[in-house]
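Colleague: I'd like to learn how to read a couple of features in a model like this. Can you walk me through them?

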Amino acid sequence: MSTTSYVSACTRDCPDCCSILVTKNEDGSCSFKGNPEHPFTKGFICAKTAKYPRMLSHPERITQPLVREGANYWPVTWDEALELIARRINKLRDRPERILHLRGHGYRGVLAGVSNWFFGRMGSSTLSGSPCDEAGIEASIADFGVLDSNQPEDLLHAARIVNWGRDFSRFSVHQAAIVKAASKAGTRVLTISPASSGNEDFSDQIIMIRPGTDRFLAAALCRGLLSRGVPQGVLDAAANTAELQRLLAGRNTDELLAACGISRTDYETVLDWYAADGPTATIIGWGLQRYVHGGENVRWIDAVALLSGNVGLSGGGAHYNISSGRNFAPWADEGAAGRPRRTLPVHDLGRAILRADPPVEMIWVDGSNCINQFPAGDVIIEAFGQCGFVVAVEAFFTDTALRADLILPCALMTEREDVLGSCMHDWVAHSAKVQDPPGEARNDWDILEELGRRLAEPVVLPDREETLARGVATPSLKITLGELRARCFAKAHRPPVAFEGLRFAHPDGRFRFVEVLSPEPKIAGEYPLHLLTLISKKTIHSQFPPDEGPGLPEAFIAQRSPALAGLDLDRPVFIVSPRGRAEVRLVLDETVHPEAVVLRRGGWMRFGRGLNPLVVPTETDLGGGTAYYSQRVRLGN
Ligand SMILES: Nc1nc2c(c(=O)[nH]1)NC1C(S)=C(S)[C@@H](COP(=O)(O)OP(=O)(O)OC[C@H]3O[C@@H](n4cnc5c(=O)[nH]c(N)nc54)[C@H](O)[C@@H]3O)O[C@H]1N2
Ligand SMILES: Nc1nc2c(c(=O)[nH]1)N[C@H]1C(S)=C(S)[C@@H](COP(=O)(O)OP(=O)(O)OC[C@H]3O[C@@H](n4cnc5c(=O)[nH]c(N)nc54)[C@H](O)[C@@H]3O)O[C@H]1N2
Ligand SMILES: [Mo]
């Protein structure tokens, strides 16, 4: 069979932003491999993306516009579908906040901002907050003045890595490879986590911490570092060192350690790691910011990185993330032209829609499986029902698409062109279109371009080619669109080390210490466990071929957990929250803290595996994030 290969790039919601070799076979099938010429991808990709071609040609893929009547779907032409939508928009246009635009990160890129531009131009309602990493982003900006960190490869220069809650085995295959290489060359790795499964192969030592309480360990470390003596240059690098010292003077190390369940010995180990000679890099996983005090957790860890003298130098740094759009010129927000818009919060979306005044009378969803992925998806279902006109641009019958009144079939990666960046490294990639979408599926840009033309008062998109060209015309890229298309990827010009010379991005150039240390909410007797809905190795969020869906979800719990007392393991076991219950299959796992139960997120409600209906909508302290892991549950029969 003859084959042809093309270079494209992965547009899914993942830090690696891999360069992919797409091989097209004569029979129309294709396969994906990592591009060996890409310096970050280095010829390998994750198993999830290697099997993505199965998604592209999946028999359940939606390939024509569908209108729903009850549980039935009727195919309609694009003409009919877009006319229906145009009529609805025309009716609502004089008070456009009655339209809600709901965009997730199912597809990333410069052109992928098109729906934000389009609905911004219309003045629709939009989302505020985030289901993802926003609490930590706000925390980083509060401390450093900007979101930045050393380049990921700089970990190779670390003498030690302290890993606060990153799951190396699942999060990013390329960061994992860097950590492995560093480790092989002598870098020592210490992991701090309440559920460290997957980190065993990457860590010299693992310390188990109570869920959500890293700030107490970090505060104790700050006390320890200050009493061992911090160089004056470091103390002067922050604007509010005196406030931090005052706050810590009123605290007691033993009480701080009791609050996070860390022994004196473990505390001293971490302190020694930070205080020893040679640079210590800090990695901050995003799990620890999915709590009510998640932003604070990140801020206290930043304080440890700074006080230990490990910021602004090679081999050190606080690695959280960077903005994947930072090397492109922003354009999507220009749609709204600065006009204020009504926003509804991600963490409590269903209730916000139900209470909205004026009511939401149309919802446009693209790149999001919000009913599955946001808390209280059952309330979002109710809200969709009340709204009466929901359009989902989707490729599969996801839990969200199933509740839409109209489904528009979208193109997926390698079926549309875009350029994109990573939230971990500064390589930008051209994600080439190498094949047509199946059936009548269309890319999001084309769909909105045509819809805009059909409106009584047309919404005219900017020129696509110009938008791409403008997007890459930034000082950090120094490359034209034509060159990027030809070369497939390029490295933006950025310093390898962030905050060299301890110069920060606040107007006065100084760092800001966190000035609060909030107590952890008490564990309620009735619900003694944190529900940790962690990422799955096999999927990005809820994206996987639907036939892999069914089966009871596995719940990992330590044998010594008091929550197991009185449970009859011969009968069905349920996770119970104040919002409901879900049947699970228990798996004993001693890497899990006794106050936690771990489930892997992404299962579909359609297959009885959705977990988010159990989650009570709760906001994080910063960034309007979603405090999924503050959710308390118990086990029951
Ligand atoms: N319990 C729990 N839930 C969580 C979290 C948690 O910690 N715990 N964290 C969450 C995190 S980190 C995130 S980022 C969010 C993710 O939430 P979502 O972004 O809603 O997650 P996905 O399942 O990736 O859904 C994206 C959808 O986009 C579709 N898609 C792919 N390509 C395209 C395209 O080109 N066009 C269009 N229109 N659609 C496309 C896919 O088919 C998919 O159904 O949810 C989170 N949900
Ligand atoms: N395979 C795969 N990779 C992905 C994704 C995916 O869905 N699948 N999604 C991508 C996206 S959008 C995101 S946002 C990221 C998500 O990446 P993360 O947010 O980092 O992933 P989580 O699984 O939520 O949490 C990571 C680790 O944090 C630990 N943790 C939980 N609570 C605490 C705590 O209180 N303290 C400490 N120290 N550790 C804690 C958990 O035990 C877990 O090992 O992953 C990205 N990569
Ligand atoms: Mo995320």
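Colleague: Let's start with one residue. In which loop is His-506 found?

Modeller: Keep in mind that this is a predicted model. To place a residue, look for the elements on either side: His-506 sits in the loop that runs between strand S19 (489-491) and strand S20 (529-534).

Colleague: And is His-506 buried or exposed?

Modeller: For that you check relative accessibility, where buried means under 20%. His-506 comes out at 16%, so it counts as buried.

Colleague: Which residues does His-506 touch, leaving out those up to four places away in sequence?

Modeller: Ile-141, Ala-142, Asp-143, Phe-144, Gly-145 and Arg-512. With Ala-142 there is a polar contact too: the His-506 side chain reaches that residue's backbone oxygen at 2.8 Å.

Colleague: On to the ligand. Where does ligand 2 lie with respect to domain 2 and domain 3?

Modeller: Ask who supplies the shell. Both domain 2 (134-323 + 498-502) and domain 3 (529-636) contribute residues, so ligand 2 lies between them. The surrounding residues number 29, with Gly-212, Asp-214, Arg-290, Thr-539 and Tyr-629 the closest. Sorted by class, the shell has 14 nonpolar, seven polar and eight charged residues.

Colleague: Which polar atoms of Ser-193, Tyr-291 and Ile-535 pair with ligand 2?

Modeller: Check side chain versus backbone. Ser-193 offers a polar side-chain atom 3.1 Å from a ligand oxygen, and Tyr-291 has one 2.8 Å from a ligand nitrogen. Ile-535 uses a polar backbone atom, 3.0 Å from an oxygen of ligand 2.

Colleague: How much of ligand 2 does the protein bury?

Modeller: Compare with the ligand taken alone: ligand 2 then exposes 900 Å², and the protein buries 99% of that.

Note on methods
Residues are numbered from 1 along each chain as its sequence is written. Chains are lettered from A and ligands numbered from 1 in the order in which they are written. This is a predicted model: local features need pLDDT of at least 70, side-chain atom pairs count only at pLDDT 80 or more; totals for chains, interfaces and linings use all residues. Side-chain values use heavy atoms; hydrogens and water are left out. A residue is near a molecule or strand if one of its heavy atoms lies within 4 Å of it. A polar contact is a pair of N or O atoms within 3.5 Å; within protein, one must be able to donate a hydrogen and the other to accept it, and residues adjacent in sequence count only if both atoms are side-chain atoms. Accessible areas come from the Shrake-Rupley method with a 1.4 Å probe; for residues, only the protein chains shown count as cover. Ala, Val, Leu, Ile, Met, Phe, Trp, Tyr, Cys and Pro count as nonpolar, Asp, Glu, Lys and Arg as charged, and the others, Gly among them, as polar. Domain bounds come from an automatic or database domain assignment. Helices (H or I, at least four residues) and strands (E, at least two) are DSSP runs, numbered from the N terminus. Buried means under 20% relative accessible area, exposed over 50%, partly exposed in between (1.4 Å probe, protein chains only). Contact means heavy atoms within 4.5 Å.
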